[in-house]
Amino acid sequence: MEYGDGTQAVWAGEAGTKWQRSTQVPIAASVSFGYHDVDEWLAVAKGEADGHIYGRNTNPTVAAFEAKVAALEHAEAATAFATGMAAISDTLHTLLDPGERVVSVRDTYGGTSKLFLDFLPRLGIRTTLCDTADHDTIEAEIAEGCNLVYLETPTNPTLKILDLERLSRAAHRVGATVVVDNTFATPINQRPLELGADLVIHSATKFLGGHADALGGVVCGDAELVERIYRYREITGAALGPFAAYLLLRSIKTLPLRVAKHNENAMAIATHLTSHPAIDGVYYPGLESHPGHEIAKSQMRGFGGVLSFSIKGGFDSVRKVLPRLRLAHRAANLGAVETVVGPPATTSHVELTAEERASLGIPENLVRYSAGIEDTADLINDLDEALAVLA
Ligand SMILES: *Cc1c(COP(=O)(O)O)cnc(C)c1O
């Protein structure tokens, strides 16, 4: 019988990593790994025996982190990166050649969309970004022929939902590789590999880390694809460090508990704000009124910790309300144990003009709210008190 998420989060990936009978995975703060026997060294260097050679390639603490994430995503293999963006860019650079084509959506994470709009086209890679809500168009663009389909769901900041099973099927019909950024959902709420994806990416900086004190990224999936991406990363060098790997490993032990509370808080707050007189829109896939609710219900086990809402009265109201929140960091982050808020106009979509944000369906009075693990009633009271300034 396969262990459940709670058990895997605590135990997976740790066997064989302990030192001097420590019960916890040690931080292997060592750039290189030494060998007395030259033949043994040679065997490890050639990949014929298990072991580590040099920290840019592999490290025991990082390897434990990779194995734990792979277990939670039900993946054959995983490879870790210094940041989520390193994981995303190395994956795209490994899998795409000049003349090839990517189909994705307009609502990907800001840094990812910069790769699609600027960096990849400069290398002769064609990118087509579709309206995120329009599955027919995405499917039609895929059917035109492409090498890679890049998806993210739920999206940032309006929590749109993509049907991973349907779009993976469309991608595989034309022989394309499907890559999914699963940062918002986490493997606790959604496992894209089981829905047809070939690779799953995380910014471990967010929910996996959960404490806003370590950057990291990870790619998992099919062993052969992950091996190719690892070969690119070991040369280009965006390796995860052992200290960050240790923090992330320790955090993942509580991921299932944290995600359950994030889900509960976000759902309660979204429901509460729906009938609040100062709010004119709430975006959360757990709400029945959300256009992606049915798809979310079928492919997710929880709706996640992030929601967004628009405050009546435009950006002026945002300016008045946000400083009055006592239980929230006003910062460009999400997925932490503390609640974090920010308007897309100053965080994820700061490079765009108001008109460009409007064309993406991001109103100027929108606030992204990453619900922490505080007590639900306290968060609701905090929001009510802050919004009262508008009454
Ligand atoms: C933050 C984020 C990233 C980038 O991760 P970094 O660790 O900041 O490089 C990518 N995708 C999503 C959905 C994110 O929220």
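# Pockets, ligand and backbone of a predicted model

Colleague: What is the volume of the second largest pocket?
Modeller: The model is a predicted one, and the value that follows is computed from it. For the second largest pocket, the volume comes to about 430 Å³.

Colleague: Which residues lining the second largest pocket are the closest to its centre?
Modeller: The lining of this pocket takes in 24 residues, which divide into eight nonpolar, eleven polar and five charged. Those closest to the centre of the second largest pocket are Tyr109, Asn156, Ser203, Lys206 and Ala332.

Colleague: Where does the second largest pocket lie with respect to domain 1 and domain 2, and why?
Modeller: Domain 1 covers 5-252 and domain 2 covers 255-390. Since residues from both domains enter the lining of the second largest pocket, its place is between domain 1 and domain 2.

Colleague: Which element supplies the largest share of the lining of the second largest pocket?
Modeller: At least two lining residues come from each of α4 (84-95) and α5 (110-122). The largest share of that lining amounts to three residues, and the element that supplies it is α4.

Colleague: To which atom of the ligand does a polar side-chain atom of Asp181 lie 2.7 Å away?
Modeller: Asp181 is one of the residues that come nearest to the ligand, along with Gly84, Met85, Thr205 and Lys206, out of 13 residues around it. At 2.7 Å from a polar side-chain atom of Asp181, the ligand has a nitrogen atom.

Colleague: How much of the accessible area of the ligand does the protein cover?
Modeller: Two residues close to the centre of the second largest pocket, Ser203 and Lys206, also make polar contacts with the ligand. A polar side-chain atom of Ser203 is 2.9 Å from a ligand oxygen atom, and an N or O atom in the side chain of Lys206 is 2.7 Å from an oxygen atom of the ligand. On its own the ligand has 380 Å² of accessible area, and the share of this that the protein covers is 93%.

Colleague: How much space lies in the largest pocket, and which residues are the closest to its centre?
Modeller: The space in the largest pocket is about 830 Å³. Among the 31 residues in its lining, those closest to the centre are Asp50, Gly51, His52, Thr58 and Tyr230.

Colleague: Which element gives the largest share of the lining of the largest pocket?
Modeller: The lining of the largest pocket divides into 15 nonpolar, nine polar and seven charged residues. Its largest share is seven residues, and these come from α9.

Colleague: What is the volume of the largest cavity?
Modeller: The count of cavities of 30 Å³ or more comes to one. The lining of the largest cavity includes Gly55, Arg56, Thr58 and Arg233, and it divides into three nonpolar, four polar and two charged residues. Its volume is about 40 Å³.

Colleague: In which loop are Pro154 and Pro157 placed, and what kind of peptide bond comes before each?
Modeller: Most peptide bonds are trans. Pro154 is in the loop between β4 (148-152) and α7 (164-173), and Pro157 is likewise in the loop between β4 and α7. The bond from Thr153 to Pro154 has omega near -5 degrees and is cis, while the bond that joins Asn156 and Pro157, with omega about 0 degrees, is also cis.

Colleague: What is the phi of Gln20?
Modeller: Most residues other than glycine have a negative phi. Gln20, which is found in the loop between α1 (5-11) and α2, is not a glycine and yet has a positive phi, of about 55 degrees.

Methods. Residues numbered from 1 in each chain as written. Predicted model: local features only at pLDDT ≥ 70, side-chain atom pairs only at ≥ 80, totals over all residues. Heavy atoms only, no water. 1 Å grid on protein atoms, 1.4 Å probe; cavity = no way out; pocket = protein on both sides within 12 Å on 5 of 7 lines; lining within 4 Å. Points joined across faces, edges and corners; volume = space filled by probe spheres on them. Helix = DSSP H or I, 4+ residues; strand = E, 2+ residues; numbered from the N terminus. Nonpolar A, V, L, I, M, F, W, Y, C, P; charged D, E, K, R; others polar. Domains from an automatic or database assignment. Near = heavy atom within 4 Å. Polar contact = N/O pair within 3.5 Å; in protein donor to acceptor, adjacent residues only side chain to side chain. Areas by Shrake-Rupley, 256 points an atom, 1.4 Å probe, with all protein chains shown as cover.
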